[in-house]
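These are my notebook entries on a single protein chain. I set down what I looked up, entry by entry.

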Amino acid sequence: MTFLTLKGISKRYGDYTAIEQIDLSVERGEFLSLLGPSGCGKTTTLQMIAGFVTPTTGTVHLDGRDITQLPPEKRGMGIVFQSYALFPHMTVAGNVGFGLEMQKVPKSERVTRIDEALELVRLTGLNARYPKELSGGQRQRVAIARALAMRPALLLLDEPMSNLDAKLREEMHIELRSIQRRLGITTILVTHDQVEAMTMSDRIAVMHRGGIAQISTPFEAYERPKTPFASSFLGKTNTFSGAVQARNPRCAEVDVAGTLMTVPHEGRHVQGAVHVYLRPEKVRLLDVASARLRGVIVTRVFVGNQWLLQVDTPLGRISVSRPNNGMMPPDEGDAVGLDWTDDDLRVLDQDRAHV
C-alpha cells in the first residue's frame with residue numbers, strides 16, 4: 001500500500017532548478033534510498049518531504065493526507081541528520097527525550113519511551129552519559145533513538161553514517177536495517193554511498209541532475225541499469241563505445257573497435273551509436289589460447305578480499321575484479337586471456353548519456 005506520494009514535485013531557486021517534476025511512491029514499511037552524487041537533488045527532495053523546503057510545484061501526500069503546506073513539527077516524521085545534532089549539555093536521556101518533552105508527553109511515559117528507544121539501539125544503561133563521553137557510533141545511536149522515541153510515521157535519514165569509519169559504518173548498516181525491519185517503519189535514506197544504499201534498501205532511487213534516473217531493487221539497479229548514468233554511478237563498470245550492426249528480438253550485434261559483441265537489449269530499442277557495459281567481476285581470466293580477448297596486465301592491486309587488475313586489450317583498458325581464493329593471479333606484464341558471457345553485457349544508446 002502506498003504510504004508516501006510525491007506528485008509533480010519541483011524546486012526552483014530563481015533560474016536554478018534543483019528538482020524537476022519528480023513522481024515517487026513509497027510503500028508502507030519500505031526502506032527506500034535516494035542515491036546520487038552531490039548536487040543531484042537528493043537532499044532537497046528529503047527536505048521537501050520533511051517540510052523544511054516548500055515545493056515550487058507538486059504535492060506531498062502521507063498516508064492519504066496532503067501535507068504539502070504543513071510545517072515540519074506537524075508531519076509526524078523522525079529525522080536523523082549527518083551531524084547527529086545532539087545537545088552537548090544534555091545527557092543521553094535528555095537528548096532522546098527532548099522531542100517528547102516539547103510535545104508535553106507525561107514524564108512517566110517519557111521515561112518508558114526513552115528506555116525503549118535506547119534498548120532498540122543497544123544503549124541501555126547509558127542514560128546519564130553526555131555526548132562527549134560517547135564514541136561516534138554511540139552518538140549516532142543516540143540520534144537514531146531520539147527519532148524513534150517519537151514513534152514517527154516516517155523516518156528520514158540524511159547521510160547519518162558519513163562521519164563514521166568504514167568498519168563502524170558497515171556494522172551500523174546491518175544494525176539500522178535490523179531495527180527498521182523489526183519496527184516496520186517506513187524509512188527514506190539520503191546517501192552518496194553505493195554500498196550503503198545496496199546493503200540497506202528495498203529499493204534505490206538513483207538521482208541525477210534533479211531527476212530520478214532509475215528506481216528499482218538494488219539487484220535490478222546494479223545488474224540491469226536503465227541509463228548510462230545509473231550504470232556508471234552504481235558500482236564500477238567497463239564502458240565500450242560501439243555501433244549497432246544488427247538487431248534480433250533478443251540481442252543486438254554491436255561493433256566495438258572491429259570486434260562484434262552480441263548483447264541482450266532487454267526490449268530496449270537500441271540503434272546507432274551505443275555504449276556496451278561490462279562489470280569488472282564478470283570478466284574471467286583464462287589461458288590466452290582459449291579466450292575471446294587477449295591482453296596484458298598493466299596494474300595488479302591486492303585489497304584483501306579481491307585482486308583488482310587493469311588489462312590493456314585491443315578494445316582498450318579493461319578493469320577486472322578477481323576474488324581472493326588464496327592463489328596469486330598473473331603478474332604485471334603477463335599476457336592473459338579474458339572472457340565473459342553475452343548475458344554479462346548491457347547496452348544503452350549513447351544519446352541517453354545525459355539522462
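Are F229 and F233 buried or exposed? I looked up both residues and found that F229 is buried, as is F233. I note at the outset that the model is predicted.

**Entry 1. The pair in α8**

I placed both phenylalanines in helix α8, which covers residues 228–233. They are 4 residues apart there, about one turn of the helix. As a general point, an α-helix has 3.6 residues a turn, so residues three or four places apart point the same way. I then computed the ring geometry: the centres of F229 and F233 lie 5.4 Å apart with the planes at 15°, so I recorded the pair as stacked. The cut-off I needed for this step is that planes under 30 degrees apart count as stacked.

I also looked up S231, which lies in helix α8. Its relative accessible area is 1%, so S231 is entered as buried. Setting aside neighbours within four places in sequence, I listed the contacts of S231 as P225, T237, Y277 and R279.

**Entry 2. The aromatic pairs**

How many aromatic pairs does the rule give? I obtained a count of 4 aromatic pairs. I next examined F52 and F81, whose ring centres are 6.4 Å apart and whose planes meet at 40°, so this pair is tilted. I located F52 in the loop between α1 (42–50) and β4 (57–62), and F81 in the loop between β6 (77–80) and α2 (92–102). The pair therefore ties together parts that are 29 residues apart in sequence.

I checked the accessibility of each ring residue in turn. F52 has a relative accessible area of 46% and is partly exposed. F81 is likewise partly exposed, with a relative accessible area of 33%.

**Entry 3. Charges over rings**

I searched for charged groups lying over ring faces. R279 lies over the face of Y222, at 4.0 Å from the ring centre. I recalled R279 from the first entry, where it is one of the contacts of S231. K11 lies over the face of Y13, at 5.1 Å from the ring centre.

I followed Y13 further. It lies in strand β1, residues 2–13. Y13 is partly exposed, with a relative accessible area of 42%. Beyond its neighbours within four places in sequence, I found Y13 in contact with A18, T44 and V53. I also took the C-alpha to C-alpha distance from Y13 to T56, which is 8.8 Å across a sequence separation of 43 residues.

**Entry 4. Helix α1**

T44, a contact of Y13, led me to helix α1, where T44 is among the buried residues. How many of the 9 residues of α1 are buried? I found 7, so the helix is largely enclosed by the rest of the structure. The buried residues of α1 are K42, T44, T45, L46, M48, I49 and A50. After α1 comes G51, and I noted its positive phi, near 100°.

**Entry 5. Positive phi outside glycine**

Where does R151 lie? I placed R151 in the loop between α4 (136–149) and β7 (154–158). Its phi is positive, about 50°, although R151 is not a glycine. At 52% relative accessibility, R151 counts as exposed.

I made a similar entry for R209, in the loop between β9 (203–208) and β10 (211–216). R209 is not a glycine, yet it has a positive phi of about 55°. With a relative accessible area of 58%, R209 is exposed.

**Entry 6. The whole chain**

I closed with the totals. The secondary structure of the protein chain comes to 8 helices and 20 strands. Along its principal axes, the C-alpha trace spans about 75 × 50 × 35 Å. Of the 355 residues in the chain, 49% are buried.

I then took the contacts with a separation of 6 or more; residues 24 or more positions apart account for 66% of them. The accessible surface comes to about 16,800 Å², and 52% of it belongs to carbon and sulfur atoms. For charge, I recorded 42 positive and 40 negative side chains, with the centres of the two sets 5 Å apart.

Methods
Residues are numbered from 1 along each chain as its sequence is written. This is a predicted model: local features need pLDDT of at least 70, side-chain atom pairs count only at pLDDT 80 or more; totals for chains, interfaces and linings use all residues. Side-chain values use heavy atoms; hydrogens and water are left out. Rings of Phe, Tyr and Trp (its six-membered ring) pair if their centres lie within 6.5 Å; planes under 30 degrees apart count as stacked, over 60 as edge-to-face and the rest as tilted. Helices (H or I, at least four residues) and strands (E, at least two) are DSSP runs, numbered from the N terminus. Buried means under 20% relative accessible area, exposed over 50%, partly exposed in between (1.4 Å probe, protein chains only). A charge sits over a ring if NZ of Lys or CZ of Arg is within 6 Å of the ring centre and within 35 degrees of the ring normal. Contact means heavy atoms within 4.5 Å. Accessible areas come from the Shrake-Rupley method with a 1.4 Å probe; for residues, only the protein chains shown count as cover. Lys and Arg count as positive and Asp and Glu as negative; His and the chain ends are not counted. The place of a charge is taken as NZ of Lys, CZ of Arg, CG of Asp or CD of Glu.
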